[in-house]
Amino acid sequence: MMQQTEVFNIDTDPRALAWRWRGRQLQAVEFVQHIPLDTLLGIERQKLAAIANTRQFVQRRPANHMLLTGARGTGKSSLVKALLTEFGAQGLRLVEVSPHDLVDLPDIVAPLRSRPERFILYVDDFSVAANDPALTVLKTALDGGIEEPAENVLIYATSNRRHLLPEYRADNEEYHWEDGELHPGETTEEKISLSERFGLWLSFTPFDQAQYLEVVRAHLSRLDVNDWNESIEKAALRWALGRASRSGRVARQFARDWAGSNLAGDKAATE
């Protein structure tokens, strides 16, 4: 007999830093991932903007919903988690919501509205079909409907897609010229309008080679590997080539692999 996941009520477990929305219930996260902001490298511009917006939010000043888009492994999700680490002591809380559970937004927000904490609804890897009913609910939450938006709730969403929805060749056929200007069709306008409903839009791009190697060196230094040389540089470049990506995630993975291998070799040599 399978053991059921214990469901916590936000009112009876107020000390939790984060929750998941699962099975139409808020489930407290027991082991929250703590990511210090200074471990996120190569995205200083994005960090500053996200920190400023979130600081305004926890200080009960006007702030915006935030959309983080860009290539995989560039730090979008890690940045949201790091904001919880940075501002958790100031009352910030995180509620993870699956993109397809956005249809439940009114029910998710209802128990949060009267709480003294500040809640970020964290929607990771957001990409849904154009006819998904979650889109209508999300647009209402971002723009406001007949119900007053909760003052203590913001939505932070990450996506690999710039306009959140899949884009098809047929969308380009709807473009047309009007008074000498090129205008998108209704389908494209609809897709663009969704992303534009986020007040703060942060783009994450892959690193060039120099940036990638700089981040590799920084991660190695944090792991007490400071003997940077041509051999390590070549190995780091081969690692990125094998993954067809130069990103913060790939740099961190290489650093852990290299440091672990060298530490193991040093240990064996002393035995």
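Reader: Which strand does helix 1 run at about 155° to?

Author: This is a predicted model, and the angle is computed from it. Helix 1 lies across strand 3, strand 4, strand 5, strand 6 and strand 9. An angle over 145 degrees counts as roughly antiparallel. The strand to which helix 1 runs at about 155° is strand 9.

Reader: Which strands stand at the edges of the open sheet?

Author: The sheet has 7 strands in the order 2-1-4-5-6-3-9, with mixed pairing. Each edge strand has a single partner strand, so one side of it is left without a neighbour in the sheet. The edge strands are strand 2 (25-28) and strand 9.

Reader: How many bridges join strand 3 to strand 9?

Author: Strands of a sheet pair through backbone hydrogen bonds, either parallel or antiparallel. Strand 3 and strand 9 run parallel. Gly-70 stands opposite Phe-204 in strand 9. The number of bridges that join strand 3 to strand 9 is 5.

Reader: What does the twist average from one strand to the next?

Author: The strands concerned are those of the open sheet, ordered 2-1-4-5-6-3-9. From one strand to the next, the twist averages 25°.

Reader: Which helix gives the most to the largest nonpolar core?

Author: The largest nonpolar core has 28 residues, and Met-66, Leu-79, Leu-83, Leu-94 and Tyr-156 have the most contacts inside it. Among the elements that give two or more residues to this core are helix 1 (44-58), helix 2 (76-87), strand 3 (66-70) and strand 4 (92-96). The most, 6 residues, comes from helix 2.

Reader: Which tyrosine does Leu-83 touch?

Author: Leu-83 is among the residues with the most contacts inside the largest nonpolar core. Leaving out residues up to four places away in sequence, Leu-83 touches Ala-50, Ile-51, Thr-54, Met-66, Gly-88 and Leu-92, and also a tyrosine. That tyrosine is Tyr-156.

Reader: How many residues does the other core have?

Author: This core lies apart from the largest one. Among its residues are Val-123, Leu-138, Ala-150 and Phe-198. Its number of residues is 24.

Reader: Is Arg-24 buried, exposed or partly exposed?

Author: Arg-24 is placed in the loop between strand 1 (18-22) and strand 2. Although Arg-24 is not a glycine, it has a positive phi of about 60°. Its relative accessible area is 47%, and the middle class runs between 20% and 50%. Arg-24 is therefore partly exposed.

Reader: What is the relative accessible area of Asp-125?

Author: Asp-125 lies in the loop between strand 5 and helix 4 (133-143). Asp-125 is not a glycine, yet it has a positive phi of about 55°. The residue counts as partly exposed, with a relative accessible area of 48%.

Reader: At what angle do the axes of helix 7 and helix 8 cross?

Author: The axes of helix 7 (residues 209-222) and helix 8 (residues 230-243) come within 11 Å. Their angle makes helix 7 roughly perpendicular to helix 8, and the crossing is right-handed. The contact includes Tyr-212 and Leu-213 of helix 7 and Trp-239 of helix 8. The axes cross at roughly 115°.

Reader: Is His-219 buried or exposed?

Author: His-219 lies in helix 7. Apart from residues up to four places away in sequence, it touches Thr-39, Leu-41, Gly-248, Ala-251, Arg-252 and Ala-255. Its relative accessibility is 8%, and the cut-off is under 20%. His-219 therefore counts as buried.

Terms used
Residues numbered from 1 in each chain as written. Predicted model: local features only at pLDDT ≥ 70, side-chain atom pairs only at ≥ 80, totals over all residues. Heavy atoms only, no water. Core = buried A, V, L, I, M, F, W, Y, C linked by side-chain atoms within 4.5 Å. Buried < 20%, exposed > 50% of the residue type's maximum accessible area, 1.4 Å probe, protein only. Helix = DSSP H or I, 4+ residues; strand = E, 2+ residues; numbered from the N terminus. Contact = heavy atoms within 4.5 Å. Pairing = 2+ DSSP bridges. Axes fitted to C-alpha atoms, helices over the stretch in contact; angles between N-to-C directions. Parallel < 35°, antiparallel > 145°, perpendicular 65-115°, else oblique. Left-handed = near helix turned anticlockwise from the far one by under 90°.
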